[in-house]
Structures are given as structure tokens and as C-alpha cells.
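Hello,

Here is the structure I promised to hand over. Please open it first, then read my notes below.

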Amino acid sequence: MSEFINNDEKRVEDLLAFSLGMMSGEDGRMLIEKYKETIEHVTPHDMLKLEDKQMQMGITPKTIKKDVDKVINVFFKKLKEYSWEKPEEGTFLYYLMLENKAFEFKLNNVKKIIKSYKGREVSDFKQLKDDLLSLYEELKEFEAHYIKKENILFPFLEKKWSSYRPLKVMWSLHDDIRKKLKQIIHILKSDTSLWVDLNKKIGEYYFLVFGMIQKEDLIIYPVASETVSDDEWKEMHKQSFEYPFPFIETPVKHKSTKEPVSEKQAGISQIDGDLKLKSETGELNLEQILLLLNSLPVDITFVDENDIVKFFSRPEERFFPRSPAIIGRAVQNCHPPESVHIVEKIVNAFKNGEKDKAKFWLQLNGKFILIQYFALRNNKGEYKGVLEVSQDITGIRTLEGEQKLLDWD
């Protein structure tokens, strides 16, 4: 028995074999019986390690997602029994878990409305859609929970965990949830939608969101609680005030969370007075540099020649989420698995000198956003990184004629 408790590597190898068998369509009962004793000692750490090994083998998040819930369900009892110290009130992890509970409450209330419809007349379907539309629009607010994970929790965990790759699978599942919710809202707004289509999409959405809560509570949060330091949790909590706290009361912001970024935090030291940046085009001190960058009507992110995120601006209105936790993060880890290949293509073309610019545009929350990437090269032509610039050009696209006078009315 002790070999299963103490030999983590052997246990993970057995669990990997079990999971690969499940993914290959082998008889589930036979696999469970074969690896019964190993399954009896599974831990959240093991779950991360076996999924990490799957990804190291080249198995994609898309493939892993298809069977991950079946595997977790087999391990559910033991993962549920795993003893770990729950977070104290006032901590980053505490509020993440509280958001989940509030989300579950709302989801179950929506369930009640849907159940009350079953068996009623088709004529009631329009009323049901009207009732559900506002509720599912409200559920969009939970997006902030996933954004905080992607932009605060994940960067910290990537630095702590050698088996961090499963976080990519979780991010991909976040995107699946986002897409499913959009599909439901589209059906609810459509005049030609059918109950059978709505019922199917709602079922798929509930499977994804409750499955996500389960993965957080059984795997990610227990391991995080045992591997992240108190100071790191405090820093995450501090950064979390950049975003909403969906469905719960916003915590009190402690004094430490109000302190402005210091010169030391910005990576600049002050010696004998005011430090200044001087060039042939002018002279600026640190305060002026930050004011300048943050006042530009664009969202700027700088990635260095080693693909590491080094800086982002804080404009009044940001189009895409950014948190200080991403500083020092590989740019490839800042994008979901389904789109990271585009980022790599741009960076590689810049490094090879094949291209110097790339641009995209999209509609986001009623705005027309232009996204541009610029290769940065020094006077010798050496590649020094990428500058990403995002800009709301909705108003710019409508400009006509000329305006040479000030008009503030």
C-alpha cells in the first residue's frame, strides 16, 4: 500500500495510462478495475501532473477537453476527500471561491424557471425567452471571474508550478463557456428559435460552467493553496481590484492596495534628485513618461526580444484585460491555445525580418477596435521586441470634412 502513497511518479504514470485508455475508448470498467488501487490514492497534484504529461506528449487542449470530465468523475470521490486548508476571508482565493458560490446560486435559480416551463404550451415559449434573456445577460458579468484567473492567478501559478500546462486547457474551457453563453443569448433574441435548440445549448452551458467550478474546487485551488505564499496571495488580491467582483459585494480595499506604483516597482531608481530620460528629441522625468504613456488614447503592451511581457500602459479605457501579474510572463501564455499560433506567426516573422507590421480589426462591445503590432529594431537593425497598440477607432471612422475650431459644447 505504501508504494502508492509515497511513489508519486509511479502513481502518475499509472493514472496517465488510465486516462489515455479512457481517451482511446477502452472499456472504462476494466480500466478502473486495473488501476483501482492507484485511483484510491489520487490527489489534485496528480491530476495536474498527468494532464501536464499529456500535453508534453503533444496532446492538444482540444483533445484533452473531450474526455477530461470523464476522467475527473472517476477520481471525484478521492479528490473531494482531499484535505486542504481553505482560504481565510479577505484573501484573493476566498473571493474567487465566494464568486463561484454566488454564481451557482444564480444558475440554480435560472434552472427553476426552465423547469417550470417544461410541459407548458408552445405559446409560452416567447414569454420564457423574454424571462431568460435578462438573466443570461446578467450571467455575462461572471466573465470578470475568468479574466481574473487568466490575468492574475495563472501568471503567478505559471511561475510556481512546473506542471503549469493544464492551465491552458482551463483557459480554453473559459473560451468555450464564453461562446456557449453568446449562442444562448443569440437564440433568446431570435424570433425563429425553437425550444429544442435552446434547451440543448443551455444543457451544454451548464455542463461547462458547473464542470469549471468542479475543476477549480477539486484541483486548481487546493494545489494553489499549498504552493503559493501569503505575500503572493496579497499581491494577487491587490491586483484583483482592477476588475469587478461578480455577484458578491466588493471587498474593502485596504490601504496597501491604494499605493501608487513606485519608481522601484517600475524598475527605475532615483539617485541624487530627479531621474530623467534624455534624448535628442527632448527630456522627460519618470512621472512625465508614465503620464505620457497612460494618457495616449491607445492601449500599449511591450514584449521584449525573448518573448517576455515587460510593460503595458494604463489608459483611461482599456479594451483587453491586463494585470501587473503578466509582467515577466511569456507572451505565448497570455493567449488562449486556439489563437496562440497567430501570435507566434507574427513574432517569428518579425524576428526573421520578413515583416515589420501586422494589424487586425474587430467589433467589441459596440466599438470598432484596431489592433496593430510593430516590430522594434535598434539602429543596427537588431530585433528588440514587439509593440502591441489597440485603439478604439469607432468615432474616427465617422469623421468627415474638417473641424478647425474648438467645439466643447
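How many nonpolar, polar and charged residues are there in the lining of the largest cavity? By class there are eleven nonpolar, no polar and two charged residues. Keep in mind that this is a predicted model.

Cavities

A search of the whole structure finds two cavities of 30 Å³ or more. The largest has a volume of about 120 Å³. Its lining is made of 13 residues. Nearest its centre lie Glu 51, Pro 166, Met 170, Lys 215 and Ile 219. Helices α5 (44-56), α6 (61-81), α10 (166-189) and α11 each supply at least two lining residues. The most come from α10, which gives five.

The second largest cavity has a volume of about 60 Å³. Its lining includes Ser 19, Met 23, Met 47, Leu 50 and Glu 51. Gln 54, Ile 64, Asp 67, Val 68 and Val 71 line this cavity too. Two or more of the residues come from each of α2, α5 and α6. By class, this lining divides into six nonpolar, two polar and two charged residues. Glu 51 is worth a look, as it appears in the lining of the second largest cavity and lies among the residues nearest the centre of the largest.

Cores

The largest nonpolar core has 79 residues. Phe 75, Phe 103, Leu 132, Tyr 136, Leu 153, Tyr 205 and Ile 220 touch the most other members. Helix α11 (residues 195-227) contributes the largest share of this core, 14 residues. Another core lies apart from it, with 17 residues. Cys 334, Ile 346, Ile 371 and Val 386 are among them.

Take Leu 153 in the largest core. Leaving aside residues up to four places away in sequence, Leu 153 touches Phe 92, Leu 96, Lys 148, Ile 220, Tyr 221, Trp 233 and Met 236.

Helix α2

Helix α2 covers residues 8-23, 16 in total. From first C-alpha to last it reaches 22 Å, close to the 22 Å expected at 1.5 Å a residue. Its buried residues include Arg 11, Asp 14, Phe 18 and Ser 19. Leu 15, Leu 16 and Met 22 are buried as well. After α2 comes Gly 25, with a positive phi near 85 degrees.

A loop residue

Glu 249 sits in the loop between α12 (230-240) and β1 (276-279). Is Glu 249 buried or exposed? Glu 249 counts as exposed because its relative accessible area is 72%, and the cut-off is over 50%. Glu 249 and Leu 198 are 51 residues apart in sequence and 31 Å apart in space, C-alpha to C-alpha.

Best wishes

Notes:
Residues are numbered from 1 along each chain as its sequence is written. This is a predicted model: local features need pLDDT of at least 70, side-chain atom pairs count only at pLDDT 80 or more; totals for chains, interfaces and linings use all residues. Side-chain values use heavy atoms; hydrogens and water are left out. A nonpolar core is a set of buried Ala, Val, Leu, Ile, Met, Phe, Trp, Tyr and Cys residues joined through side-chain atoms within 4.5 Å. Buried means under 20% relative accessible area, exposed over 50%, partly exposed in between (1.4 Å probe, protein chains only). Helices (H or I, at least four residues) and strands (E, at least two) are DSSP runs, numbered from the N terminus. Contact means heavy atoms within 4.5 Å. The expected span of a helix is 1.5 Å times one less than its number of residues. On a 1 Å grid over the protein atoms alone, a cavity is a set of points where a 1.4 Å probe fits but cannot get out, and a pocket is an open set with protein on both sides within 12 Å along at least five of seven lines; lining residues have an atom within 4 Å of a point. Grid points are joined across faces, edges and corners, and a volume is the space filled by probe spheres set on the points. Ala, Val, Leu, Ile, Met, Phe, Trp, Tyr, Cys and Pro count as nonpolar, Asp, Glu, Lys and Arg as charged, and the others, Gly among them, as polar.
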